Amino acid sequence: MIKNTVFYTMLLVGCLFAINAFAKEEQSYSIAINETSYPYHFVNDAGEPAGLMVDLWRLWAEKQQVQVSFVPLTWEETLQQVGDGNIDLHAGLSKSDLRGQTYDFTSTFFPQNSYLFVHRNLTGVTTLEQLAPYTVGVVKGSSHVAQLQQRLPKVKIRTYPSRHDLYRAALAGEILTFAALDRLSQNFDEYDALATLFPAHKKILYREGEYAGATAKNNNQLLDFVEQGFTKISPDERVTIERRWLGLKKGKDTIIAAIDPDLAPFMGISTTGVPYGLFVDIWHLWSDVSGIKVKFVTANIVDAQQALAQGIADVYVAYPKLENVIPQVSYSEINYRVKARAYVSNRMLDISSLNDLRDETIGVYYFSPFIDALKAQYPNVNIRLFRDFDELIHAAESLEVKAIVAEMESMNHRLMQSGLRTSFHILPKPVFNLPVQSLITSSNEKLDEIISNGFSKISNDKLLALEEKWLSFKSEGYFQEQSTLVSLTHEELAWAQKHSNVKIGTNVNWKPLEYFDSNGEVFGINPSVLKLIEQRVPLTFEHVPFRSWQAQFSALVNGEIDILASATQTEERDKYLLFTDSYWDMPWVVIHQRQMGSQLKLSDFYGKSLAIIKGYYLVSQIQKEHPNIALMLVDDYQEGVQALQQGLVDGVVENIATASEIVRQESLITLGMSVVDEFNVDQNRFATKKDRTMLVGIINKALATISAAEKQQIYEEWFEINVETGLDKNVVLRVAVQGVAITLIIIAVIVVWNRRLQVEIRTRKALEEKMKHMATHDELTGLANRILLKDRLTTAINFHKRQELLIAVMFIDLDGFKQVNDTFGHDVGDELLKLVATRLDSCVRVSDTIVRFGGDEFVILLTGLHNKNEAAYVANKILNLVQQPFELSTGFANIGCSIGIAVYPEDGETDNDLLKVADTLMYQVKAEGKNHYTFYSPSNA
């Protein structure tokens with residue numbers, strides 16, 4: 001027995017000696033890493049090994065007091081070199097039975113799941129079986145090959161040398177699904193585009209596995225030495241490394257977000273235990289774009305810092321910005337802003353300011369961050385702090401305190417819950433702007449990066465929609481205000497403060513563009529635009545009245561006013577004036593007697609006369625290009641219409657906005673109008689003197705932030721025709737009492753009049769709708785026209801500039817259309833154009849815009865792109881559809897199309913630049929054989 005004990009003791013000592021001797025003999029170990037397996041092991045931009053596993057192996061080497069060297073290789077090479085024993089260790093890989101025949105694995109580092117990432121266009125694909133018809137991309141030598149063949153024996157697999165090669169193939173459209181681990185590599189150059197096309201919420205889990213290191217088969221001494229080192233690494237050390245690279249503890253893939261349970265409408269818990277509120281919904285959006293789940297837990301806002309320090313949560317979703325927080329927590333970059341104002345009981349309607357409450361007491365919630373500012377601003381008011389909000393409201397209702405100062409939305413919510421919303425009114429001042437930010441633990445910098453990256457991918461439209469859903473004071477919302485703010489340089493701000501009052505010449509009666517009412521108030525399209533500018537920049541516009549356009553223009557040139565609206569930029573005017581960007585585009589029309597017909601051209605007025613306002617730039621153009629038309633120069637449009645009614649002229653030249661005002665007048669119901677295609681669309685701009693470059697820059701910045709919805713609101717307001725004609729009922733009754741006969745006559749007149757009136761109303765409403773459509777759409781196809789294209793393209797450029805997204809402008813010309821048109825006639829040609837418009841509509845999203853640019857030319861505006869390949873995908877669909885036979889009334893016709901594609905911002909930063917590039921590229925396609933598409937490149941410059 002003693003001999004056996006001695007023998008086993010000596011054997012154990014011998015083994016330990018052998019292990020130690022092995023360690024001393026092998027002081028350095030080689031470890032194979034893959035060049036692109038971010039974030040586990042990869043080569044960074046400096047050419048150095050990096051990643052979670054690299055840091056973990058370095059810590060292991062430190063614990064074992066040995067050296068390690070990392071050998072970067074392709075994935076297939078890492079497996080081969082370790083399996084052959086040329087390299088000691090593999091940094092990390094998924095364990096599988098097949099690999100177990102070649103390698104011995106270390107203990108599992110962490111769970112490792114495998115997914116199939118699915119293209120966003122594969123709608124309805126949610127299961128592994130639904131992917132059977134598709135080709136799946138995988139990295140050559142990865143475990144995905146065997147795993148997929150086992151799960152889907154008939155699946156088609158295409159291999160790629162590296163992960164980045166796989167990604168590039170996915171972006172190019174070679175594959176619509178690919179296998180990968182839990183997340184995409186953020187060090188890939190086109191990560192954002194890839195993540196957009198293959199969103200995290202569409203990935204499909206197909207295997208739950210484990211991740212470990214590996215040695216060649218039967219290298220037991222090395223494996224034992226490795227295990228010995230990893231036992232020396234504490235759980236906290238491992239979690240620190242995991243959070244450095246992943247932001248989360250590995251295998252968790254869920255963020256724990258703490259919310260206050262009673263701070264509606266921002267965050268709260270329903271009676272059924274479901275988290276709700278604005279901030280909760282915002283974090284749900286973040287989860288959708290990041291692919292990381294969010295679990296909500298409750299923690300009172302007062303206890304938020306300690307909740308994070310104790311590890312109860314990873315993030316507190318919204319916390320007031322304070323000067324000092326405990327060392328264990330810090331603020332993330334995610335910002336919001338709320339407002340606090342004063343509420344006073346309606347039994348004290350004489351109180352208009354907190355200054356009226358001298359020596360009185362007002363109530364404030366004790367955790368409010370504005371308490372010091374409130375004391376400083378109103379030193380003569382007593383402030384009482386409350387720890388319970390319901391108690392605070394009760395004290396105000398009973399006049400125990402004379403006012404409450406609180407955050408507006410949460411206060412409004414509590415008042416509505418208690419049925420007291422109509423019992424209080426809000427004072428205009430004070431207004432405290434209170435910044436709030438997400439709170440995270442100080443040691444988790446990677447989590448802050450992950451959170452910020454996710455929020456940067458949420459569109460502003462979605463955030464605005466959530467404010468619309470949750471907030472009572474919607475115009476006060478943070479995202480709403482951010483969408484309208486203009487960022488000025490120090491020089492621009494200084495100029496605006498020095499020249500804050502800007503004099504603008506305004507016509508007293510140029511409806512609907514601008515006019516003064518009987519009270520001297522200014523209304524119209526231009527004043528509406530100016531109000532939007534005033535909301536965005538520190539300028540105030542003073543309207544100086546003028547009775548004619550010529551007088552306005554002369555006043556600007558002579559320096560009597562600073563600026564002029566609805567000015568058209570010409571080569572001659574550029575010599576002495578500066579112009580802003582266009583803010584309103586309108587076609588020119590000729591107003592004429594309806595019996596002359598419709599869709600008239602200028603040639604129809606040869607030998608006739610037209611009235612036009614003095615000073616319009618079109619005067620010289622008509623005189624030069626259409627000498628057969630006699631012009632009568634008038635001071636205003638009323639004079640021109642009067643001349644038309646008296647038969648002195650055959651038509652009046654005006655913009656469509658003013659024309660819409662003219663047809664409002666019921667006495668002019670016999671008038672019609674025709675859009676003048678021979679004239680360029682009138683681009684309304686603000687004009688100023690040459691020395692006002694700073695003013696032009698400031699106004700341009702404000703114009704760039706005016707949304708399409710705001711423009712549409714102005715359009716609807718000023719292009720509507722209202723009919724308010726009728727007889728006063730009191731007058732009818734007064735006359736009726738004079739006799740039955742008279743009454744019967746009056747009734748008969750009323751009946752006849754009302755019938756005529758209803759006919760006029762229907763006619764006017766139809767004309768109104770037609771005018772709205774004429775202004776922005778092509779009459780033949782119903783597609784958008786150049787005016788609408790200009791507006792949407794300008795708006796899109798401004799939006800995408802802020803969002804750093806791409807826009808594609810596709811200029812399309814039909815190949816073979818002329819032959820169809822010449823052979824079968826214009827009616828058949830029109831029939832073909834309508835069918836083409838229908839097919840183009842089926843190729844794009846609802847958010848895209850299709851435009852008939854003229855003749856057989858179309859333009860498509862694609863927005864929200866992350867990569868050129870998305871535009872190429874649409875172009876291919878168009879080419880395939882247009883080349884399919886068209887069934888016309890005369891038989892079948894075959895045509896094709898040539899497409900030039902310009903991309904914002906690399907091909908141009910203005911609408912004109914993008915259209916010019918796309919048009920040029922389209923002609924290059926036609927010169928090279930037609931029926932394909934091209935992007936701009938140096939080779940075709």
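Reader: Is Val 289 buried, partly exposed or exposed?

Author: This is a predicted model, and the values discussed here are computed from it. Relative accessible area under 20% is read as buried and over 50% as exposed, with partly exposed in between. Val 289 has a relative accessibility of 30%, and therefore counts as partly exposed.

Reader: Where does Val 289 lie, and which residues does Val 289 touch?

Author: Val 289 lies in helix α10, which covers residues 278-290. Once residues up to four places away in sequence are set aside, Val 289 touches Gly 454, Lys 457 and Ile 458. It also helps to set sequence distance beside distance in space: Val 289 and Ala 200 are 89 residues apart in sequence, yet their C-alpha atoms are 6.5 Å apart.

Reader: For the chain as a whole, what share of the contacts is made by residues 24 or more positions apart?

Author: Among contacts with a separation of 6 or more, residues 24 or more positions apart account for 71%. The chain has 941 residues, of which 51% count as buried, and its secondary structure comes to 32 helices and 44 strands.

Reader: How should I read burial along a helix, and which residues of α18 are buried?

Author: The general idea is to ask where the buried residues point when one looks down the helix axis. In α18, residues 490-498, the buried residues are Glu 492, Trp 495 and Ala 496. Viewed down the axis of α18, these buried residues fall within an arc of 100°, so they line one face of the helix. The face turned away from that buried side carries the exposed residues His 490, Gln 497 and Lys 498.

Reader: Which helix do the buried residues of α18 pack against?

Author: They pack against α24, residues 693-704. Helix α24 also packs with α19, residues 525-536, at an angle of about 100° and with the two axes 9 Å apart. Angles of 65 to 115 degrees count as roughly perpendicular, and α19 and α24 are therefore roughly perpendicular to each other. From α19 the contact is made by Val 529, Ile 533 and Arg 536, and from α24 by Ile 699, Ala 702 and Leu 703. By character, the residues of this contact divide into 5 nonpolar, no polar and 1 charged.

Reader: Turning to strands, in what order do β14, β15 and β16 stand in their sheet?

Author: In reading a sheet, one follows the pairing from strand to strand and then looks at the ends of the row. Here 3 strands form an open sheet in the order β14-β15-β16, and the pairing is antiparallel. At the edges stand β14 (262-263) and β16 (275-276), each with a single partner strand, so one side of each is left without a neighbour in the sheet. Strand β15, residues 267-269, is joined to β16 by 2 bridges, and the bridge partner of Gly 268 in β16 is Tyr 276.

Reader: Thr 863 is found in a strand as well; is Thr 863 buried or exposed, and what is Thr 863 in contact with?

Author: Thr 863 is found in strand β40, residues 857-865, and with a relative accessible area of 17% this residue is buried. Leaving aside neighbours within four places in sequence, Thr 863 is in contact with Ala 796, His 800, Leu 806, Arg 845, Ser 847 and Asp 848.

Reader: Which backbone features should I look at, beginning with the peptide bond from Lys 429 to Pro 430?

Author: For a peptide bond, the angle to read is omega. The bond from Lys 429 to Pro 430 is cis, with omega near 0°, and Pro 430 lies in strand β23, residues 424-441. Another cis peptide bond joins Tyr 904 and Pro 905, where omega is about 5°. Pro 905 is placed in the loop between β43 (896-904) and α32 (911-927).

Reader: What is the phi of Gln 65, and what is the phi of Asn 931?

Author: Gln 65 has a positive phi of about 60° although it is not a glycine, and Asn 931, which is not a glycine either, has a positive phi of about 60°. Gln 65 is found in the loop between α2 (52-64) and β5 (67-73), and with a relative accessible area of 69% Gln 65 is exposed. Asn 931 has its place in the loop between α32 and β44 (933-935), and at 32% relative accessibility Asn 931 counts as partly exposed.

Notes
Residues numbered from 1 in each chain as written. Predicted model: local features only at pLDDT ≥ 70, side-chain atom pairs only at ≥ 80, totals over all residues. Heavy atoms only, no water. Buried < 20%, exposed > 50% of the residue type's maximum accessible area, 1.4 Å probe, protein only. Helix = DSSP H or I, 4+ residues; strand = E, 2+ residues; numbered from the N terminus. Arc of directions from axis to C-beta. Contact = heavy atoms within 4.5 Å. Axes fitted to C-alpha atoms, helices over the stretch in contact; angles between N-to-C directions. Parallel < 35°, antiparallel > 145°, perpendicular 65-115°, else oblique. Nonpolar A, V, L, I, M, F, W, Y, C, P; charged D, E, K, R; others polar. Pairing = 2+ DSSP bridges.
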